[in-house]
Amino acid sequence: MSINPRRRILAYTLLEIMLGVTIFSLVSAAVGSAYLFGLRSFQALSNYSTLEARNRSAIDLMTRELRSAQTISSYNTALNRKLTFVDGNYKTISYTFDPYAGTLTRTSNNVNKVLLRDCDLINFNLGTRAVSSKSGPSLRHSTLVSLNTSASEAAPSPATARRASRPPRIFGA
């Protein structure tokens with residue numbers, strides 16, 4: 001029996017197989033890490049977008065009601081910040097911010113509704129300014145309400161906290 005030298009058996013050596021498996025593992029780990037990072041980023045953006053939508057809805061409701069307010073009946077900047085006013089339909093409405101619970105609550109007709117959760121900060125600041133007419137300055141005064149808000153998810157990074165902070169919004173009442 002003779003062995004034909006031209007006929008070779010094609011196969012991989014152990015070293016080639018180990019090198020291939022190692023390269024495949026490294027590439028798979030890199031692709032998996034990028035995929036997980038993308039999923040986490042998408043989830044975080046989705047959470048912030050939902051939070052932003054809730055914040056915008058609550059502040060828009062508050063803005064509409066403050067602009068139609070007849071009078072501001074009480075104002076408290078102590079620990080539980082509270083702003084109470086009478087709206088255009090002569091109903092008493094109050095907004096209360098509880099810093100411990102992180103909630104903004106709207107109360108009207110003895111019905112409480114939580115507008116915001118996970119809220120870090122809401123400040124109600126009042127001021128007055130003289131309203132002038134075309135004919136000259138008037139003695140009539142207008143009340144200004146300035147709102148500063150900030151909201152975040154469980155543990156924001158400093159960059160996220162800067163993005164979540166809102167500039168003051170001023171409404172005439």
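Is strand S2 mostly covered or mostly open, and how many of its six residues are buried? I began my notebook here, with a predicted model on the screen. Strand S2 spans residues 81–86, and five of its six residues are buried, so I wrote it down as mostly covered.

**Entry 1: the neighbours of S2**

Next I looked up what S2 pairs with. On one side I found strand S1, residues 71–76, which pairs with S2 in the antiparallel sense over five bridges. To get my bearings I picked out Thr71, which stands opposite Val86 of S2. I then turned to strand S3, residues 92–98, and found that six bridges join it to S2, again with the strands running antiparallel. Here my marker was Lys82, whose bridge partner in S3 is Thr96. The hairpin of S2 and S3 has five residues between the strands, and I noted that Tyr90 takes a positive phi near 60° there.

**Entry 2: S3 and the step to S4**

I checked the cover of S3 as well. Five of its seven residues are buried, so S3 is largely enclosed by the rest of the structure. From S3 I moved on to S4, and I counted six bridges between these two antiparallel strands. Asp98 has Thr103 as its bridge partner in S4. The hairpin of S3 and S4 has four residues between the strands, and in it Gly102 takes a positive phi near 70°.

**Entry 3: an aromatic pair**

How many aromatic pairs would I find? My count came to one. The partners are Phe85 and Tyr95: their ring centres lie 6.1 Å apart and their planes meet at 20°, so I logged the pair as stacked. Phe85 belongs to strand S2 and Tyr95 to strand S3, so the pair ties together parts that are 10 residues apart in sequence. I also checked their exposure, and both Phe85 and Tyr95 are buried.

**Entry 4: the core**

I then asked which residues have the most contacts inside the largest nonpolar core. That core has 15 residues, and the ones with the most contacts are Met62, Phe85, Tyr95, Leu104, Leu116, Ile122 and Phe124. I was pleased to see both rings of the stacked pair, Phe85 and Tyr95, on this list. The elements that give two or more residues to the core are H1, S2, S3, strand S5 (111–116) and strand S6 (119–133).

**Entry 5: a salt bridge**

How many salt bridges are there? I found one. The side chains of Arg106 and Glu65 meet in it, at 2.6 Å from N to O. I placed Arg106 in strand S4, residues 103–108, and Glu65 in helix H1; the pair links distant parts of the chain, 41 residues apart. Are these two charged residues buried or exposed? Arg106 is buried, and so is Glu65.

**Entry 6: the helix and its patch**

I followed helix H1, which covers residues 14–67, to look at Ile23. With a relative accessible area of 48%, Ile23 is partly exposed, because it falls short of the cut-off of over 50% for exposed. Ile23 joins Leu19, Val27 and Val31 in making a nonpolar surface patch of about 380 Å².

**Entry 7: two asparagines in a loop**

My last stop was the loop between S4 and S5, where I found Asn109 and Asn110. Asn109 is not a glycine, yet its phi is positive, at about 55°. Asn110 is not a glycine either, and its phi is positive too, at about 60°. I wanted to know how exposed they are. Asn109 has a relative accessible area of 56%, which makes it exposed. For Asn110 the relative accessibility is 79%, and I noted it as exposed too.

Methods: Residues numbered from 1 in each chain as written. Predicted model: local features only at pLDDT ≥ 70, side-chain atom pairs only at ≥ 80, totals over all residues. Heavy atoms only, no water. Buried < 20%, exposed > 50% of the residue type's maximum accessible area, 1.4 Å probe, protein only. Pairing = 2+ DSSP bridges. Patch = residues over 30% accessible without salt bridge, like charges linked within 9 Å, V, L, I, M, F, W, Y side chains within 5 Å. Areas by Shrake-Rupley, 256 points an atom, 1.4 Å probe, with all protein chains shown as cover. Salt bridge = Lys/Arg side-chain N within 4 Å of Asp/Glu carboxyl O. Phe/Tyr/Trp six-rings, centres within 6.5 Å; stacked < 30°, edge-to-face > 60°. Core = buried A, V, L, I, M, F, W, Y, C linked by side-chain atoms within 4.5 Å.
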